[in-house]
Amino acid sequence: MWNPWLHYGNARILDFVSGNELRQANGTVGEFTGVFNGVLRELRERIEDFLLEASVRQRYWDVNWDSVDGSKKRRISGTKFEVKMETEERVEVSFSRPWEPSQPGDIVPLNIDKWFIVLRGSSGFYSYAIYEHLGSPEWPAFSLSQTRIAFKLREEKFHYMVVADNRQRFMPPPKDWDAKNCQRLAYDEAVLLVNPIEPEFKGEVDDKYQYSCENKDLRVHGWISTESPLVGFWQIKPSNEFWSGGPLKQNLSSHVGPTCLAVSNFYLPRLIMENLCFALAVKKHIFNLVTCTIRTYSLHYAGYDLGPKIGQGEAWKKVFGPVFIYLNSVVGGESRDDTLTLWEDAKRQMMAEVQSWPYSFPASKDFPLSDQRGNVNGRLLLRDRFICKDYISAKGAYVGLAPPGDVGSWQRESKSYQFWKRADENGNFSINHVCTGDYNLYAWVPGFIGDYRNDVPITITPGCYIHLGHLVYEPPRDGLTLFRLYGLWERYAELYPKEDLVYTVGVSDYTKHWFFAQVTRRKNDNTLQGTTWQIRFKLDRVDETGTYKLKVALASANLGELQVRVNDPNTKRPLFSSGLIGRDNAVVRHGIHGLYWLFNVEIPNAVLVKGENMIYLTQARGQSPWRYLMYDYIGLEGPLTAVHKAAI
């Protein structure tokens, strides 16, 4: 495996830029041309082979924010350069830009400090950023929509993209997106390739959202060149603690460009926030790096709920990263096996980075080292008296520490840090290297609805080991389950051209007869309307002593409204309305979930009848094709009789 970062011949690469001077770690000053006022431009794999697209002259750390008077955009260069650490083993530099109340209102009110690290023996570089809003009245309120790192690689060089073992392929070139070569589809990010350069891509739909991943699975991804020597360009995220929205939050990865992203939060319009500079050199040859775009916030698949909202005079600070940009190569390799070799090597490097977390080398005092963190362990059990009288191990549960809040609030949390692990087969969990602070413990268990929260706050101090013992989660239950259902948009009209979906309990098969999302219907006059789905079920008798409960869990919603009626679809007032909910837009972005919603709908026994009954689920908003509800669980529970109560 050839290492383009450590050697070119016998030369060692460990250099950086200071002002307009290119310095090497040994003190030698190399030739330097061009202006480097905090801008990273071109990265060369070797002396004449560029890795980054030459036509893209600047790449940025960027931020989108909204102030009280609207969205802001401004390019901000680092105003201070400082060498934080310089030894034979490590170089760490900082580009910072303070904020002052006297600055124009279109500059984000944050102190920003971006760091870059190169280690001897490391085939790549690390980068992290510190954002700070001071607790003084003159610091205005704003909401942060996006911050990120992105690379645009050479179009003629990188054609093979890898996101996962089962998500890797040759990709169409960006020119296939030219107007003469493609047909724009329902939204700007998707095209139908009608006249591609390579015939094999004809008829395909290309869409960057097809390659989105949940945070927990987005550890490493990137591109491999298709020329000899094969070069792999990878973004490695060793930890999810600084990513927003928890382990299931979905983010973009790599896509046609060729583009490689590290994303945490984003919502358009884009705000270019800061340009930073870092360069590598061998003797008199310059190896420049484009700034990565680290998206530490992304409102896709979540909506405005996820964006951190910083109040006037609110003290806030957060460290984003470090992330690792890794390169590897095979000299002379062009075969499929060589491509897989680079991917397997990138995965091994990812595991090494994960096992090294938290890193011991960042020089900033704002990045807590291992001995400054704490640890929590325990066991989570389930108690569902309708399944088993004994406790059930919460096998495979997701258990995490996040700032104190309501049940499920971790989905919308973005100001602080989160720490998640999966429980083993017996429900045991161990969450290590937790930053100091106050937390609630949250969890959910695959196959069971609802979310768990331990109401007792947990305070993490440096070096602590907290044993929580046995914790018990009782999924929400009000009675015996009478039925339940588990959980593209354009196909809905094909499958149901005139009438909406009707599901008959005991006859229909949810894998075949339940459409994945309740979307709008396009009428003959090309206008859109909401849809009403029906669930038919029979009751042998109606219990007149209690109330029935309909439990509806939504995996996603986007500007939709759920209305529930029973046995009369024309009642002006529904039994239940969710009101306008959701900005996930997961359907458009090929996601299977966004934010999770759980509703408990009381159904009076007076509206039910012996024999056949009908539940009407209406998605009442129809102004656009992207208004929908995505169901995860539907269950109808009946009142408990004295016999049932005695049995549980």
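Me: Which strand holds Phe429?
Reply: Phe429 belongs to strand E32, which covers residues 428-434. The model is a predicted one, and every value below is computed from it.

Me: Is Phe429 buried or exposed?
Reply: Burial is read from relative accessible area, with under 20% as the cut-off for buried. Phe429 has 4%, so Phe429 is buried.

Me: What does Phe429 touch, once its neighbours within four places in sequence are set aside?
Reply: Contacts are read from heavy atoms within 4.5 Å. For Phe429 the list is Val376, Asn377, Gly378, Arg379, Leu380, Val399, Ala423, Leu441, Leu468 and Leu471. One of these, Leu380, is 49 residues from Phe429 along the chain, and the two C-alpha atoms are separated by 7.8 Å.

Me: How should I read the largest nonpolar core, and which residues touch the most other members?
Reply: A nonpolar core is a set of buried residues of certain types joined through side-chain atoms within 4.5 Å. Here the largest core has 80 residues, and Trp234, Leu380 and Phe429 touch the most other members. Strand E27 (residues 316-330) gives the largest share of this core, seven residues. At least three core residues come from each of domain 1 (35-170 + 213-356) and domain 2 (370-473).

Me: What does the second, separate core include?
Reply: That core has 40 residues, among them Trp514, Ile535, Leu562 and Leu617.

Me: How do I read a strand order, and what is the order in the open sheet of four strands?
Reply: The order lists strands as they lie side by side, and this sheet reads E31-E30-E33-E34, with antiparallel pairing. The edges are strand E31 (419-422) and strand E34 (452-460), each of which pairs on one side only. Direction ignored, neighbouring strands in this sheet are turned by 20° against each other on average.

Me: How many bridges join E33 to E34?
Reply: Strand E33 (residues 437-444) is joined to E34 by six bridges, and the two run antiparallel. As an example of the register, Thr459 in E34 stands opposite Asp438.

Me: On which faces of a sheet do side chains of a regular strand lie?
Reply: They alternate between the two faces. As for a single residue of this sheet, Pro457 has its place in strand E34.

Me: Is Pro457 buried or exposed?
Reply: The cut-off for exposed is over 50%. Pro457 has 56% relative accessibility and therefore counts as exposed. Beyond four places in sequence, Pro457 is in contact with Tyr439 and Asn440. Pro403 is 54 residues away from Pro457 along the chain, with 9.2 Å between their C-alpha atoms.

Me: What is the strand order in the open sheet of five strands?
Reply: The order is E37-E40-E46-E42-E43, and the pairing is mixed. Strand E37 (502-504) and strand E43 (576-577) are at the edges; each has a single partner strand, so one side of each lacks a neighbour in the sheet.

Me: What does the mixed pairing look like, strand by strand?
Reply: E37 pairs with strand E40 (residues 531-539) in the parallel sense, over three bridges. Tyr503 has Ile535 in E40 as its bridge partner, and Ile535 is also included in the second core. E40 pairs with strand E46 (residues 611-619) in the antiparallel sense, over nine bridges. In that pair, Gln534 is matched with Tyr616 in E46. At the other edge, two bridges join strand E42 (residues 562-566) to E43, and these strands run antiparallel. There, Val564 has Phe576 in E43 as its bridge partner.

Me: How many residues lie between E13 and E14 in their hairpin?
Reply: Two residues lie between them. Strand E13 (residues 158-164) and strand E14 (residues 167-170) pair in the antiparallel sense over four bridges. Within the pair, Val162 is bridged to Gln168 in E14.

Me: Where does Ser364 lie?
Reply: Ser364 sits in the loop between helix H1 (336-355) and strand E28 (374-382). Its relative accessibility is 6%, so Ser364 counts as buried.

Me: Which backbone atom lies 3.1 Å from a polar atom of the Ser364 side chain?
Reply: A polar contact is a pair of N or O atoms within 3.5 Å. For Ser364, the atom at 3.1 Å from the side chain is the backbone nitrogen of Asp366. Farther along the sequence than four places, Ser364 touches Glu92, Trp115, Tyr128 and Ile130.

Notes. Residues numbered from 1 in each chain as written. Predicted model: local features only at pLDDT ≥ 70, side-chain atom pairs only at ≥ 80, totals over all residues. Heavy atoms only, no water. Pairing = 2+ DSSP bridges. Axes fitted to C-alpha atoms, helices over the stretch in contact; angles between N-to-C directions. Buried < 20%, exposed > 50% of the residue type's maximum accessible area, 1.4 Å probe, protein only. Polar contact = N/O pair within 3.5 Å; in protein donor to acceptor, adjacent residues only side chain to side chain. Domains from an automatic or database assignment.
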